[in-house]
Every structure is written in structure tokens, then in C-alpha cells.
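Work through the exercises below with the sequence and the model side by side. Try each task before reading its solution.

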Amino acid sequence: MGTITYVLRGVRPLGGDAVDVVLADGVVAEVAEAGSATAEGATVIEAADHVLLPGLVDLHTHLREPGREDAETVASGTRAAAVGGFTAVHAMANTSPVADTAGVVEQVHRLGQQAGWADVHPVGAVTVGLDGVRLAELGAMADSAARVRVFSDDGKCVHDPILMRRALEYVKAFDGVVAQHAQEPRLTEGAQMNEGVVSAQVGLAGWPAVAEEAIIARDVLLAEHVGSRLHVCHLSTAGSVEIIRWAKSRGIDVTAEVTPHHLILTDDLARTYDPTYKVNPPLRTAADVEAVRQGLADGTIDIVATDHAPHTREDKDCEWGAAAFGMTGLETALSVVQQTMVDTGRLTWSDVARVLSTAPARIGRIEATQGRPIAVGEPANLTLVDPTATRTIDGAAQATSSGNTPFRGHELPGQVVATFLRGRATVLDGAPVAPVDGVVSAP
């Protein structure tokens, strides 16, 4: 069986019955009756009442490198990912230079391999420079060493319907997907927060829900017409949930994500004028929060994706109007999902594995190595969580380079105890474990 490295004793895969799980040679080597597994020289982790999940997969991460290493690097961002239980992340294209060529996506992919904390799958830009004028080198990025399958101008909307149609047609050739940032730009010029009662009371320019919903409605119809895959980024309104539900009822090949912060935070936080809560799309109403929770529970929304958006202190520690949009999320995502969906009875731990691992891996077309069943012979990309633990979030103590978490000072349930990337621990006892040689091969 080879050299045994870890025995997880008394662990509960997907929240089920307790078993012993043995990891060796990068795979799950044995699943045995609880208390029965023995392996000479192995590191034994007593994991009674701990839940074992397939390694988490984030379809929407901003790692900032190249260009904004002052906010985050591939190394620091993927270290944060590992601490949050992630074994793979998809790195968004709005870097500097933009990831719109084979050369840039290969650079990001290589940086991920060198860091060794998690597999990094670059997302390619849909348009050159994210400028919405002409298509980027989609085919070249797909054929590159990074094997890009997800394309997005996230941060900006592909607002031209002709370009969006062409992109949807183009990616069909290699089973790619266009991930749309749904924001009609002419409806959101100068917008600062959700349009509604709170925006009127605090005097900040409103961001109407219809600006998101109009683009989603258009794009699901385009996807149906073309017969292509569409993914909707960071869905945030009740109306958007209904459009996705309608589209799926018609058999349109559309998937959607919700962020952890849109599952729990509301636009009422804008009353503080704390730019930590300034995000794109904006925090919405309590009714929207309820709608996205229900959409995630009933399968209308396919996945949770962090939209981890690190910023420097200078970009956030200023007046609201001048502050950058975005929040960090990799290290708190699982806890927020536990609090809002598991502890409320809306999702089981098996469901959590689906929305945070299996489904995002399938959408990103990395399901051969990530989001796999916890079974003998499968890659040992795994996350061990103690659901009974609680922790108070300290932004300055996080593994990410940026402290712009909206959960600073919040007590959240659950603690990632260990993360394994191909059988190697990247996190033990809740703390990151540096790669031995600094380089870990990735598919």
C-alpha cells in the first residue's frame, strides 16, 4: 500500500457515520471501521465528531498577481484558501496585465504550482483588457498549459449582446463556460450601494436590482439560443433567483453562484458608512438574503463562491465613495455556510460538499482531480472541519495579505482543522503548514 502518512481516526465523511480514513501516496488508501485502522509510522489525527469533506473548490477568487501584489499574491491568497479548507481556486482575470493571453494565464498557473498551497486554475478574460470591445484569445488560453475552461470579465460586465453571443459560441468548441458579471453599466453609473430605503436615507447613490436581473435574463436567452454553457457570478437578488429558476425549468444550461456575504449581510450595514461593506454587487435587503438562501437550499443556485477580493488598507480605509469594492472571504466561507445553511437545517454536510466542492469542480471542468468522492483510490484532496468549534474573526490575524473582512469581531461556527492537497497537509491544527520543497506539482 506504500508509505502511510495520516490516519484520521473517528472522522465522519460528509457528516455520516464515524470511520477511520487512511491517506497514503496522495490518495485515500483505506476507509475502515472507526478505531480499527493501524499504520506504523503514521501521523494519527484524533477526529471524533469532525466532518470530512472533499477539498473545497472556489470558482471565484481574486489573487491580484500579477500587478497588485501589495493587496495579495498567488502565494498569500492560496495560503488563505488552504486555511479556509480549499484545495483548488479559480483565479479571476482582472490582474495587471489582464489575464487575456496564454502567456499570462500560464504565469498565474505556474505561480500556483510554485506556491504549493492549492491548485490554481486561471480564469481567462472574455475580452481584451476587459474593455468589452473584442474577444480575447479564448482558444489559445484553452490550449495553453493552464487549460482554461472558465472565462470572465468579472469586475466588468460583457454588456454588448453581440460580443456575449460570440463568446458563448466560441467556448462551445472546448466545453468552456462564460461566467458573467451581471451588471448593466448604464443603470449603475455612480452607484454605491443597493437602491432602496436605506440608500435614500443615507444619501448614497442606489444600485437597482434590475441592473443585475436584466443582464441575467438576456444572457440565459442567449445561452439557450446558442446552446452553450453560462455561469452567473455572485447572484444577489430575489429576482435573479427567479430568473435562474425559470431558465432551468426550460432546460437552459445555466449555473449560478452566491457569495457567503450575500447569504448573511444586508444593506442595512451601509448605515455605518464603513467601506468594508462596500462590495459589487452590493449587499441587498433581508428579503433578498432570504431568497438566495432558499435558492441555494432548493438547488436553483448551484454553488457558493467566495469572490475573495483583497484590497490594501489605503483602498479601504477612506470615505465610502472613494473606497474600492470588495471583501475577503476564503477563510470564513465554510463557517458562514455552516451558520446560515447547516445550523438552520437547510443543508446537510453532504449538500455542503456539493455546493462548495463537487459542483464548482464540475462547472470548472476540474472534476477529474477535485470534488471527488471520499473513497479508496481517490485523490486525497480533503478538508477536515470541527463543526462544534466557534471562533472570533480577527482580520489582522488571517492568512490573506489583506484585512478587509466584513466579519471582523464576529463569532462564527466551525473550524477547519486540517486541509490535505494530494495527501500532503497544507493545514494542521488550523494553522498553515508550509510546503517542504516550495513546489508541488499540480494537474
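**Exercise 1. Find out why C233 forms no disulfide with C157.**

Solution. Begin with the rule, by which a disulfide is a pair of cysteine sulfur atoms within 2.5 Å. The sulfur of C233 has its closest cysteine sulfur in C157, 10 Å away, which is too far for a bond. The structure as a whole holds zero disulfides, and C157, for its part, is in none, with the sulfur of C233 as the nearest. As a last step, look at accessibility, where buried means under 20% relative accessible area, exposed over 50%, and partly exposed in between, computed with a 1.4 Å probe on protein chains only. C233 is buried at a relative accessible area of 2%, and C157 is buried as well, at 9%.

Keep in mind for every exercise that this is a predicted model, in which local features need pLDDT of at least 70, side-chain atom pairs count only at pLDDT 80 or more, and totals for chains, interfaces and linings use all residues. Residues are numbered from 1 along each chain as its sequence is written, and side-chain values use heavy atoms, with hydrogens and water left out.

**Exercise 2. Determine how many aromatic pairs there are, and describe the pair of F151 and F174.**

Solution. A pair of aromatic rings is described by the distance of the centres and the angle of the planes. Rings of Phe, Tyr and Trp (its six-membered ring) pair if their centres lie within 6.5 Å, and planes under 30 degrees apart count as stacked, over 60 as edge-to-face and the rest as tilted. This rule gives four aromatic pairs. For F151 and F174 the centres are 5.8 Å apart and the planes stand at 55 degrees, so this pair is tilted. To place the two rings, take helices (H or I, at least four residues) and strands (E, at least two) as DSSP runs numbered from the N terminus. F151 belongs to strand β9 (residues 150-151), while F174 sits in the loop between α4 (161-171) and β10 (177-180), so that distant parts of the chain, 23 residues apart, are linked. Both F151 and F174 are buried, and ring pairs join them with Y170 into a cluster.

**Exercise 3. Describe the surroundings of F325, starting from its ring pair with W207.**

Solution. The ring centres of W207 and F325 are 5.7 Å apart and the planes are at 75 degrees, so the pair is edge-to-face. W207 lies in strand β12 (residues 206-207) and F325 in the loop between α9 (313-316) and α10 (333-342), so the pair ties together parts that are 118 residues apart in sequence. W207 is buried, with a relative accessible area of 3%, whereas F325 is partly exposed at 29%. Next, check for a charge over the ring, which requires NZ of Lys or CZ of Arg within 6 Å of the ring centre and within 35 degrees of the ring normal. K278 lies over the face of F325, at 4.5 Å from the ring centre.

**Exercise 4. Which residues lie nearest the centre of the largest pocket, and how do the residues of its lining divide?**

Solution. On a 1 Å grid over the protein atoms alone, a pocket is an open set of points where a 1.4 Å probe fits, with protein on both sides within 12 Å along at least five of seven lines, and lining residues have an atom within 4 Å of a point. The largest pocket is lined by 22 residues, with H62, R64, N94, G155 and F325 nearest its centre. Its lining divides into six nonpolar, ten polar and six charged residues, where Ala, Val, Leu, Ile, Met, Phe, Trp, Tyr, Cys and Pro count as nonpolar, Asp, Glu, Lys and Arg as charged, and the others, Gly among them, as polar.

**Exercise 5. Locate the cis peptide bonds that join E65 to P66 and N280 to P281.**

Solution. Between E65 and P66 the omega of the cis bond is about 10 degrees, and P66 is placed in the loop between β6 (56-61) and α1 (74-83). Between N280 and P281 omega is about -5 degrees, and P281 is found in the loop between β14 (254-258) and α8 (286-297).
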